[in-house]
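Please keep the sequence and the coordinates side by side while reading. The paragraphs below go from the overall layout to the core, and then to individual residues.

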Amino acid sequence: MARWNQAFRGGLKAERSARTRITELGQRDPRAWAYLACEDDEESCDVCRGAAKELSHVPLRDPRLMILLRGHPDCTSAEGCRCSIIAVAGDEPGPPPRR
């Protein structure tokens with residue numbers, strides 16, 4: 001039980017740290033944005049693939065980013081959600097325009 005509690009607390013601490021970093025970057029660089037990166041392999045689920053397409057270029061203040069810090073809540077992969085949120089500075093080029 002103690003190991004689980006330590007791991008759980010460590011996970012919460014990491015989540016708070018990530019939330020803080022995203023918030024700070026958004027305050028320092030209002031043009032900063034983020035995207036959801038899906039592993040996109042045979043273990044990835046359609047839910048995560050779809051979310052990665054939907055969240056390909058979003059402002060850091062988008063509330064969906066904070067929800068996804070723990071992984072996609074509807075992920076159906078046996079491996080669990082392995083998606084990552086990648087923050088990008090505002091002066092970096094964005095993804096190619098969608099057609």
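Read from the N terminus, the elements of the protein chain follow the order α-β-α-β-α-β, which amounts to three helices and three strands, where helices (H or I, at least four residues) and strands (E, at least two) are DSSP runs numbered from the N terminus. The model is a predicted one, in which local features need pLDDT of at least 70 and side-chain atom pairs count only at pLDDT 80 or more, while totals for chains, interfaces and linings use all residues. Residues are numbered from 1 along each chain as its sequence is written, and side-chain values use heavy atoms, with hydrogens and water left out.

Of the 99 residues of the protein chain, 30% count as buried, a term that stands for under 20% relative accessible area, with exposed meaning over 50% and partly exposed the range in between (1.4 Å probe, protein chains only). Contacts, defined as heavy atoms within 4.5 Å, often link distant parts of the sequence: among those in the protein chain with a separation of 6 or more, 71% are between residues 24 or more positions apart.

An example of such a link is found at A32, in the loop between α1 and β1. The C-alpha atoms of A32 and G90 are separated by 3.9 Å, although the two residues are 58 residues apart along the chain. Beyond its neighbours within four places in sequence, A32 is in contact with L25, P59, L60, V88, A89 and G90, and A32 counts as buried because its relative accessibility is 5%.

The next subject is the nonpolar core, meaning a set of buried Ala, Val, Leu, Ile, Met, Phe, Trp, Tyr and Cys residues joined through side-chain atoms within 4.5 Å. The largest one has 19 residues, of which L36, C48, L60, L65 and I85 touch the most other members. Two or more residues come from each of α1 (2–28), β1 (33–37), α2 (46–54) and α3 (63–67), and α2 gives the most, with three residues. For L65, the contacts beyond four places in sequence are A34, V58, P59, L60 and I85.

Which residues of α2 are buried? They are C48, A51 and A52, and they lie on the same side of α2 because they cover an arc of only 100 degrees around the axis, the arc being that of the directions from the helix axis to the C-beta atoms. On the other side of α2, D46, K53 and E54 are exposed, whereas the cover over the buried residues of α2 includes β1.

C48 also raises the matter of disulfides. A disulfide is a covalent bond between the sulfur atoms of two cysteines, and the criterion applied here is a pair of cysteine sulfur atoms within 2.5 Å. A search of the whole structure finds zero disulfides. For C48, the reason is that the closest cysteine sulfur, in C83, is 3.7 Å from its own, too far for a bond. Both residues are nevertheless buried, C48 with a relative accessible area of 3% and C83 at 15% relative accessibility.

In the loop between β1 and α2 lies S44, which counts as buried at 10% relative accessibility. The side chain of S44 reaches the backbone nitrogen of D40 at 3.0 Å, and, not counting residues up to four places away in sequence, S44 touches C38, E39, R49 and R82.

Another loop residue is D62, between β2 (58–59) and α3, and D62 is buried at 13% relative accessibility. The side chain of D62 makes a polar contact of 2.7 Å with the side chain of R64; such a contact is a pair of N or O atoms within 3.5 Å, where within protein one must be able to donate a hydrogen and the other to accept it, and residues adjacent in sequence count only if both atoms are side-chain atoms.

Finally, there are the aromatic rings. Rings of Phe, Tyr and Trp (its six-membered ring) pair if their centres lie within 6.5 Å, and planes under 30 degrees apart count as stacked, over 60 as edge-to-face and the rest as tilted. A search of the whole structure finds one aromatic pair, formed by W33 and Y35, which is tilted, at 6.0 Å centre to centre and 35 degrees between the planes. W33 is buried at 8% relative accessibility, while Y35 is partly exposed, with a relative accessible area of 28%.
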